[in-house]
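Hi there,

I'm passing on the structure we talked about, so that you have it at hand before reading my notes. Please have a look at it first; what I found follows underneath.

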Amino acid sequence: MASTTNIKCGTPLYAHLQETPNQKNRLTAAVTVARGVRWQKVTHIQVKRNGVVRCGIGLGDFIGGDLVKPDLGRWLSDVEEHKALAIYSPHEGGYEGRYLNRLIYKGYYFLDLSARGLGDPETTLTKIHPVCPAHLGKQPIARWYFPPEVDYRLEALPPDAKGLVVWIIEAKVLSKAELQFLALLPSLRPKVRVIAECGNWRKFMWKPLKEIAGLTESED
């Protein structure tokens with residue numbers, strides 16, 4: 001309490017410094033931060049007085065890191081070449097939207113699906129498949145049949161559409177066999193392209209889905 005009272009009355013903190021090194025260091029840091037001087041060196045400690053820490057600032061901090069990458073042309077060419085891609089986006093999200101929009105500009109239509117609850121991809125996407133709605137313990141257990149998700153939407157595409165993109169989110173939960181079918185789906189349906197979100201990375205990147213599924217050897 002004595003030290004606190006003396007601080008409020010304007011008594012210098014150095015009057016209460018003890019001879020132990022730890023206490024001297026702590027009080028030195030307190031004085032340098034409180035007085036707002038340019039730089040002070042007391043004992044062996046240097047403390048910057050303005051309290052501002054500056055980090056490296058680049059162009060990406062103002063317009064977004066994904067906007068300064070000129071890789072949209074390579075993205076479109078890889079979609080046409082490989083027809084099935086595994087993408088890895090940053091954890092904060094939002095980066096994949098620009099690549100999706102570029103495919104929309106090219107005339108593609110989209111089928112967005114979640115890998116969780118998808119069931120067997122081959123049955124759900126290319127065959128008539130049953131679905132059992134939740135009965136909640138009161139209604140009788142029923143089974144409804146739905147048309148193939150991919151074939152149904154291919155027939156509904158307008159004549160000027162370039163194709164159908166099957167965008168699978170959370171594809172990291174799929175097994176290797178399921179990923180292999182998705183990689184081979186464009187060969188079964190030539191107007192279909194597959195984009196599978198297989199994980200996260202520090203920057204937006206993609207690889208051929210056949211490589212991730214083990215159908216071809218890695219290029220790395």
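A good place to start is the pairing around strand 3: four bridges connect strand 3 to strand 9 (residues 205–208), and the two run antiparallel. Please keep in mind that this is a predicted model.

On its other pairing, strand 3 is joined by six bridges to strand 8 (residues 192–200), this time in parallel. Leu85 shows both connections nicely: its bridge partner in strand 9 is Pro208, and its bridge partner in strand 8 is Ile195. Ile195 also leads on to the next strand, since Trp167 stands opposite Ile195. Strand 7 (residues 163–169) and strand 8 run parallel and are joined by five bridges.

Put together, these belong to an open sheet of five strands in the order 4-7-8-3-9, with mixed pairing. Strand 4 (108–114) and strand 9 are at the edges; each has a single partner strand, so one side of each has no neighbour in the sheet. On average, neighbouring strands of this sheet are turned by 25° against each other, direction ignored.

How enclosed is strand 3? Six of the six residues of strand 3 (residues 84–89) are buried, so the strand is largely enclosed by the rest of the structure. In a regular strand, side chains alternate between the two faces of the sheet. Here both faces are covered: Ala84, Ala86 and Tyr88 are buried on one side, and Leu85, Ile87 and Ser89 are buried on the other.

Two helices come into the picture as well. Helix 5 (residues 96–105) lies across strand 3, strand 4, strand 7, strand 8 and strand 9, and runs at about 140° to strand 4. Helix 8 (residues 176–188) also packs on the sheet, where it touches strand 3, strand 7 and strand 8. The direction of helix 8 makes about 150° with that of strand 8.

Now for the aromatic rings, which I thought you might enjoy. The count comes to seven aromatic pairs. One of them is formed by Trp75 and Phe204, an edge-to-face pair with 6.0 Å from centre to centre and 70° between the planes. This pair links distant parts of the chain: Trp75 sits in helix 4 (residues 72–82) and Phe204 in the loop between strand 8 and strand 9, 129 residues apart. Trp75 has a relative accessible area of 0% and is buried; Phe204, at 4%, is buried too.

Phe204 has a further ring partner in Trp206: the centres are 6.0 Å apart and the planes are at 55°, so this pair is tilted. Like Phe204, Trp206 is buried. Ring pairs gather Trp75, Tyr99, Phe204 and Trp206 into a cluster.

Last, a residue in another setting: is Phe146 buried, exposed or in between? Phe146 has 34% relative accessibility and so counts as partly exposed. Phe146 belongs to strand 6 (residues 144–146). Leaving aside residues up to four places away in sequence, Phe146 touches Lys127, Ile128, His129 and Val131. For His129, which is 17 residues from Phe146 along the chain, the C-alpha atoms of the two are separated by 5.6 Å.

Happy browsing, and do write back with any questions.

Best wishes

Methods:
Residues numbered from 1 in each chain as written. Predicted model: local features only at pLDDT ≥ 70, side-chain atom pairs only at ≥ 80, totals over all residues. Heavy atoms only, no water. Buried < 20%, exposed > 50% of the residue type's maximum accessible area, 1.4 Å probe, protein only. Pairing = 2+ DSSP bridges. Axes fitted to C-alpha atoms, helices over the stretch in contact; angles between N-to-C directions. Contact = heavy atoms within 4.5 Å. Phe/Tyr/Trp six-rings, centres within 6.5 Å; stacked < 30°, edge-to-face > 60°.
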